[in-house]
Amino acid sequence: EVLTHDGTDFDWAAAGGGGKIVQYTNNTSLSAVAITSTSDVATNCSGAITPTSSSNKIIVTASFGLHSYDNSGNCCRGRMKIYRDIGGAGFGNSIQAGSINFGHCKTETDTQERGQYGWVNICFVDSPATTSEVTYTLYGSVSSSLNITFGPYAQLQTMLLMETDES
């Protein structure tokens with residue numbers, strides 16, 4: 001039920017359809033993953049959910065600590081993407097349009113080491129159109145740094161998945 005107001009009185013009424021949380025899953029990790037590859041590599045930030053209806057949507061939220069490092073002096077940047085696997089068919093392309101970049105670059109040239117720490121939150125809505133188990137995993141790669149570490153120093157990595165009723 002929801003609280004309504006007609007301009008004069010408050011009253012309770014049946015909630016409208018759509019958007020209600022049907023179920024959620026939460027997966028955490030304290031294990032760091034250091035990446036030095038320019039190709040996407042899986043991290044420990046992952047979670048799975050089995051939708052109860054193929055018309056329902058999944059709210060995907062990834063939250064994690066991140067450290068990018070480079071010793072060349074110019075750039076210190078990594079990329080992040082979330083991939084999806086439906087029913088064990090394998091992780092295909094990222095379900096995001098593009099990637100999320102983290103870090104910084106300088107225009108002048110020097111030889112100082114560069115590092116950047118931060119906390120990243122990614123949240124979006126997915127429509128997997130299935131009732132098979134869906135696994136979401138955060139992938140990372142370096143774009144112009146020596147390495148990028150997900151969950152450095154035992155920082156918590158969390159993948160929260162919420163199924164919403166779209167009826």
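## A tour of the strands, core and side-chain pairs

Start by selecting tryptophan 12, which lies in strand 2, made up of residues 10-13. The model on your screen is predicted, so please read each stop below as a description of that model. Tryptophan 12 counts as exposed because its relative accessibility is 53%, a value to be read against the cut-off of over 50% for exposed residues. Now add Leu3 and Phe10 to the selection: together with Trp12 they form a nonpolar patch on the surface, and the three have about 400 Å² of accessible area together.

**The whole chain**

Next, select the whole chain and colour it by secondary structure. You should find 12 strands and zero helices, so that from the N terminus on the elements run β-β-β-β-β-β-β-β-β-β-β-β. If you switch to a surface view, the accessible surface of the chain comes to about 8600 Å², and 48% of it belongs to carbon and sulfur atoms. Of the 167 residues in the chain, buried residues make up 38%. Among the contacts with a separation of 6 or more, 80% are between residues 24 or more positions apart, and several of the stops that follow are examples of partners far apart in sequence.

**The nonpolar core**

Which residues touch the most other members of the largest nonpolar core? Select Phe64 and Tyr136, which hold that place among the 23 residues of this core. To see where the core draws its members from, highlight strand 4 (33-35), strand 5 (41-49), strand 6 (57-70), strand 7 (75-86), strand 9 (114-126), strand 10 (134-142), strand 11 (147-150) and strand 12 (157-165), the elements that give two or more residues to it. Strand 6 supplies the largest share, with five residues.

Stay with phenylalanine 64 and display its surroundings. Leaving out residues up to four places away in sequence, phenylalanine 64 touches Cys45, Met80, Gly118, Trp119, Val120, Ile122, Leu138, Phe150, Leu156 and Gln157.

**Two salt bridges**

Move on to the charged side chains, where the count of salt bridges comes to two. For one of them, select aspartate 40 and lysine 81, whose side chains meet at 3.5 Å, N to O. Aspartate 40 lies in the loop between strand 4 and strand 5, whereas lysine 81 is in strand 7, so this pair ties together parts that are 41 residues apart in sequence. Both partners are partly exposed: aspartate 40 has a relative accessible area of 25%, and lysine 81 has a relative accessibility of 22%.

For the other, select arginine 84 and aspartate 126, which form a salt bridge of 2.9 Å, N to O. This pair links distant parts of the chain, with arginine 84 in strand 7 and aspartate 126 in strand 9, 42 residues apart. Is each partner buried or exposed, in whole or in part? Arginine 84 is partly exposed, with a relative accessible area of 24%, but aspartate 126, at 8% relative accessibility, counts as buried.

**The aromatic rings**

Now turn to the aromatic residues, where a search of the whole structure finds three aromatic pairs. Select tyrosine 83 and tyrosine 139 and look at their rings: the centres are 4.2 Å apart and the planes stand at 40 degrees, so the pair is tilted. Because tyrosine 83 lies in strand 7 and tyrosine 139 in strand 10, the pair ties together parts that are 56 residues apart in sequence. Tyrosine 83 is buried, at a relative accessible area of 10%, and tyrosine 139 also counts as buried, at 13% relative accessibility. Add Phe91 to the view, and you have one aromatic cluster formed by Tyr83, Phe91 and Tyr139.

**Two glycines**

Finish with two glycines, beginning with glycine 78 in strand 7. Glycine 78 counts as buried because its relative accessibility is 0%. Draw a distance from its C-alpha atom to that of valine 142, which is 64 residues away along the chain, and the separation is 4.3 Å. Apart from neighbours within four places in sequence, glycine 78 is in contact with Ile100, Asn101, Phe102, Ser141, Val142, Ser143 and Ile148.

The last selection is glycine 115, found in strand 9. Glycine 115 is partly exposed, with a relative accessible area of 44%. Its C-alpha atom and that of cysteine 75, 40 residues apart along the chain, are separated by 9.1 Å.

Methods. Residues numbered from 1 in each chain as written. Predicted model: local features only at pLDDT ≥ 70, side-chain atom pairs only at ≥ 80, totals over all residues. Heavy atoms only, no water. Core = buried A, V, L, I, M, F, W, Y, C linked by side-chain atoms within 4.5 Å. Buried < 20%, exposed > 50% of the residue type's maximum accessible area, 1.4 Å probe, protein only. Helix = DSSP H or I, 4+ residues; strand = E, 2+ residues; numbered from the N terminus. Contact = heavy atoms within 4.5 Å. Patch = residues over 30% accessible without salt bridge, like charges linked within 9 Å, V, L, I, M, F, W, Y side chains within 5 Å. Areas by Shrake-Rupley, 256 points an atom, 1.4 Å probe, with all protein chains shown as cover. Salt bridge = Lys/Arg side-chain N within 4 Å of Asp/Glu carboxyl O. Phe/Tyr/Trp six-rings, centres within 6.5 Å; stacked < 30°, edge-to-face > 60°.
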